[in-house]
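Hi,

Here is the structure I promised to pass on to you. Have a look at it first, and then read my notes below.

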Amino acid sequence: MTSDGASEATAAAPGSSAEQPWPVRSIAVKVAQWIDRLGSVWVEGQITQINLRPGTRTAFLVLRDTSADMSLTVTCDPDLLRRSPVPLTEGSRVVVYGKLQFFTGRGSISLRITEIRPVGIGELLARIERLKALLAAEGLFDERLKRPLPFLPGTVGLITGRASAAEHDVLTVARDRWPAVRFAVRNVAVQGPTAVPQIIAALAELDADPTVEVVVLARGGGSTEDLLPFSDEALCRAIAAARTPVVSAIGHEPDAPLSDLVADVRAATPTDAAKRVVPDAVAELAGVRELRARSAAALRGWVARETNALAQLRSRPVLADPLRELAHRADEVERLRLAARRTVEHALRAEQTTVTHLREKLTAVGPAATLARGYAVVQRVAGPERHVVRSVDDAPAGSQLRIRVADGAITAAALGTQRTTPAPEPKDQHAHG
């Protein structure tokens with residue numbers, strides 16, 4: 001019973017094991033059923049191939065995505081292409097209406113369309129304007145995000161068409177201006193369905209190269225349809241995300257693809273881009289010569305001004321004759337010294353005169369002068385002490401006396417006393433001492 005139950009479960013789930021696989025027809029039918037459920041849809045793309053053979057009842061086209069490397073096979077009635085109001089060619093952008101079909105016999109898928117509408121220039125421009133407003137609202141055009149170009153880049157990345165006039169103009173003009181400039185050229189499709197993927201891939205490659213310091217995106221003039229890849233949203237966002245400064249030189253001056261607004265620098269033409277990315281060696285050398293001449297003139301002018309200033313300083317009296325002021329001051333010092341000397345000598349003479357007068361006065365009143373006039377000083381000798389005799393009471397009879405005269409001293413003894421005036425009042429003992 002268990003074995004039978006397992007067999008029933010396996011039979012109920014075909015394709016769940018190697019023992020019960022699905023046949024190819026079953027898978028093909030199921031895929032066709034799933035695709036059929038999608039129904040009819042509108043699809044936009046660019047025609048890259050048209051196969052319309054006379055006498056056939058089916059026309060084959062290849063519709064490619066404008067921003068990605070993807071394509072889809074399309075089939076339709078040949079009359080649908082012939083009745084188109086605008087001739088459809090490879091590169092035309094169209095909007096088609098149809099239903100996907102899966103052919104189980106060969107396992108392929110195609111889009112069977114019943115209506116095809118060319119996308120006119122007005123619609124394309126309107127879409128570009130809507131995308132422009134969206135990118136502006138996101139800030140991708142903000143001037144504050146623009147990066148400055150290096151003065152002299154080591155290597156310039158160039159993305160352009162192979163053997164195009166834009167490539168020739170950029171390389172020729174840049175090398176004429178600065179012969180040592182180096183280029184990393186990436187040749188890509190600059191129009192058509194493969195342009196955007198190739199340009200984005202080349203930009204990513206150059207942006208990852210550390211030697212590339214600026215990238216130039218160049219293309220010559222063309223119709224609005226030809227320049228559509230440079231207004232693609234994916235390309236604009238890739239330019240904004242690049243770390244290397246990007247110069248957009250697409251078309252001529254009136255052309256204004258969105259890449260010009262997103263890029264760090266917009267050049268009017270490829271020639272203008274070459275002039276912006278590298279300096280002109282002749283002009284730079286001329287500028288260097290001019291700066292050297294101006295520097296030399298400024299230096300000579302400065303030296304002349306300083307020389308004149310030194311000459312003016314040297315012409316001043318204090319520097320023309322430096323010892324003159326010292327000599328003048330020496331004379332003044334000598335005059336002051338003589339005046340001071342005279343003042344001191346005068347003061348000394350005045351003081352000397354005063355001293356002489358005082359000495360004469362002192363001599364006149366001194367004991368030597370008195371003795372010279374005949375006076376004598378009598379002293380009573382009492383042992384080692386001597387007392388001046390001022391009264392007869394000081395020298396009683398028998399006292400030993402010493403009499404000092406002008407030319408010496410006489411030793412004598414008192415024989416007696418004789419008072420000529422009344423005796424003075426005796427002083428108290430303290431006063432007498």
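**What turned up**

Let me start with a piece that is easy to find: β6, helix α5 (residues 165-177) and β7 form a β-α-β unit, and the unit is right-handed. The two strands, β6 (residues 155-160) and β7 (residues 182-187), run parallel and are joined by 6 bridges. If you want a spot to begin looking, Thr155 sits opposite Arg182 in β7.

Before you go further, keep in mind that this is a predicted model.

Now for the whole chain. DSSP runs give 14 helices and 14 strands. What surprised me is the overall extent: the radius of gyration of the protein chain is 66 Å, while a compact globule of 433 residues would come out near 22 Å. Along the principal axes, the C-alpha atoms fill a box of roughly 200 × 90 × 35 Å. Buried residues make up 27% of the 433 in the protein chain. The accessible surface of the chain is about 28,100 Å², and carbon and sulfur atoms account for 56% of that. As for contacts between residues at least 6 apart in sequence, 59% of them join residues at least 24 apart.

Next, the aromatic rings. How many aromatic pairs does the count come to? The count is 1 aromatic pair. It consists of Trp42 and Tyr97, with ring centres 4.8 Å apart; the pair is tilted because the planes stand at 45°, between the 30 and 60 degree limits. These two come from distant parts of the chain, 55 residues apart: Trp42 belongs to strand β1 (residues 40-51) and Tyr97 to strand β4 (residues 93-103). Trp42 has a relative accessible area of 44%, so it counts as partly exposed. Tyr97 is partly exposed too, at 27% relative accessibility.

One more residue to click on is Arg64, which lies in strand β2 (residues 59-64). Is Arg64 buried or exposed? Arg64 is buried, because its relative accessible area of 14% falls under the 20% cut-off. And which residues does Arg64 touch, leaving aside those up to four places away in sequence? The contacts of Arg64 are Gly45, Gln46, Thr48, Asp69, Met70, Ser71, Pro193 and Thr194.

That's my tour for now.

Cheers

Notes:
Residues numbered from 1 in each chain as written. Predicted model: local features only at pLDDT ≥ 70, side-chain atom pairs only at ≥ 80, totals over all residues. Heavy atoms only, no water. Pairing = 2+ DSSP bridges. Helix = DSSP H or I, 4+ residues; strand = E, 2+ residues; numbered from the N terminus. Right-handed = clockwise from strand over helix to strand, strands pointing away. Buried < 20%, exposed > 50% of the residue type's maximum accessible area, 1.4 Å probe, protein only. Contact = heavy atoms within 4.5 Å. Rg over C-alpha atoms; globule rule 2.2 N^0.38 Å. Areas by Shrake-Rupley, 256 points an atom, 1.4 Å probe, with all protein chains shown as cover. Phe/Tyr/Trp six-rings, centres within 6.5 Å; stacked < 30°, edge-to-face > 60°.
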